[in-house]
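Please walk me through this model. Start from single residues in the strands, then cover the charged pairs, the enclosed space and the record annotation.

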Amino acid sequence: MEKKTKTTKLKIRKGDLVKVIAGDSKGSQGKIVEIIVDKNRAIVEGANMVSKHTKPNAANPNGGIVKQEAAIHISNLALVDPKTGATTRVGRKKNDAGKLVRVAKKSGEEIK
């Protein structure tokens, strides 16, 4: 039986620049490549690298050990403020057009 985790509204999205704030990759920055919503995890470019042993196949005829990113829990990630470059929390506000957008709490800058 698979353990169910509570899914909440995620404040980070694919393509966001984030900083790892906990774990072995602490301090590294990168863009989010993929988000696994049901497990509250994200795959960050260049962070949490693991060695994967692969069998020989068409793409890799010799097989061997391949380095690749592993998923990190979103609680261990902090969004990087587009204005200042520091980590920030994420809020939501209505913009001039009346659309709900994400904003950086530190600078008030809208997150694209």
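Val80 sits in strand β7, residues 77–80. Strands here are DSSP runs of E of at least two residues, helices are runs of H or I of at least four, and both are numbered from the N terminus. Val80 is buried, at 9% relative accessible area. Buried means under 20% relative accessible area, exposed means over 50%, and partly exposed lies in between, with a 1.4 Å probe and protein chains only. Val80 and Lys19 are 61 residues apart in sequence, yet their C-alpha atoms are 6.4 Å apart in space.

This is a predicted model, in which local features need pLDDT of at least 70 and side-chain atom pairs count only at pLDDT 80 or more, while totals for chains, interfaces and linings use all residues. Residues are numbered from 1 along each chain as its sequence is written, and side-chain values use heavy atoms, with hydrogens and water left out.

**Val20 and Ile111**

Val20 belongs to strand β1. Its relative accessible area is 2%, so Val20 is buried. Ile111 lies in the segment after β10. Ile111 is buried too, with a relative accessible area of 9%. Val20 and Ile111 are 91 residues apart along the chain, and 18 Å separates their C-alpha atoms. Ile111 also pairs with Val101 in this comparison: ten residues apart along the chain, with C-alpha atoms separated by 7.5 Å.

**Salt bridges**

How many salt bridges does the model hold? The count is two. A salt bridge here is a side-chain nitrogen of Lys or Arg within 4 Å of a carboxyl oxygen of Asp or Glu. The table sets out both pairs.

| Basic residue | Acidic residue | Closest N and O atoms |
|---|---|---|
| Arg102 | Asp16 | 2.8 Å |
| Lys112 | Glu110 | 3.6 Å |

Take Arg102 and Asp16. They link distant parts of the chain, 86 residues apart. Arg102 is in strand β10 (residues 100–104), and Asp16 is in the segment before β1 (17–20). Are these partners buried or exposed? Arg102 is buried, because its relative accessible area is 7%. Asp16 is buried as well, at 5%. The side chains of Asp16 and Arg102 are also joined by a polar contact of 2.8 Å. A polar contact is a pair of N or O atoms within 3.5 Å; within protein, one must be able to donate a hydrogen and the other to accept it, and residues adjacent in sequence count only if both atoms are side-chain atoms.

Now Lys112 and Glu110. Lys112 is exposed, because its relative accessibility is 78%. Glu110 counts as partly exposed, at 31%.

**The cavity**

A search of the whole structure finds one cavity of 30 Å³ or more. A cavity is a set of points on a 1 Å grid over the protein atoms alone where a 1.4 Å probe fits but cannot get out; lining residues have an atom within 4 Å of a point. Grid points are joined across faces, edges and corners, and the volume is the space filled by probe spheres set on the points. The largest cavity holds about 40 Å³ of space.

Which residues line the largest cavity? They are Lys9, Leu10, Lys11, Arg13, Val90, Arg92 and Arg102. Arg102 thus appears in this lining and in a salt bridge with Asp16. By class, the lining has two nonpolar residues, no polar ones and five charged ones. Nonpolar covers Ala, Val, Leu, Ile, Met, Phe, Trp, Tyr, Cys and Pro; charged covers Asp, Glu, Lys and Arg; the others, Gly among them, are polar.

**Two asparagines with positive phi**

Asn40 has a positive phi of about 55°, although it is not a glycine. Asn40 is in the loop between β2 (29–36) and β3 (41–44). Asn40 is buried, with a relative accessible area of 10%.

Asn48 has a positive phi near 55°, and is also a residue other than glycine. Asn48 lies in the loop between β3 and β4 (49–54). Asn48 is partly exposed, at 23% relative accessible area.

**The record annotation**

UniProt, in an unreviewed entry, places the feature "domain: KOW" at residues 11–38. Its positions are given in the numbering used here, feature names are shortened, and annotations may be inferred rather than shown by experiment. In the model, residues 11–38 are 0% helix and 43% strand. The end C-alpha atoms of that stretch are 14 Å apart.

Terms used:
1 Å grid on protein atoms, 1.4 Å probe; cavity = no way out; pocket = protein on both sides within 12 Å on 5 of 7 lines; lining within 4 Å.
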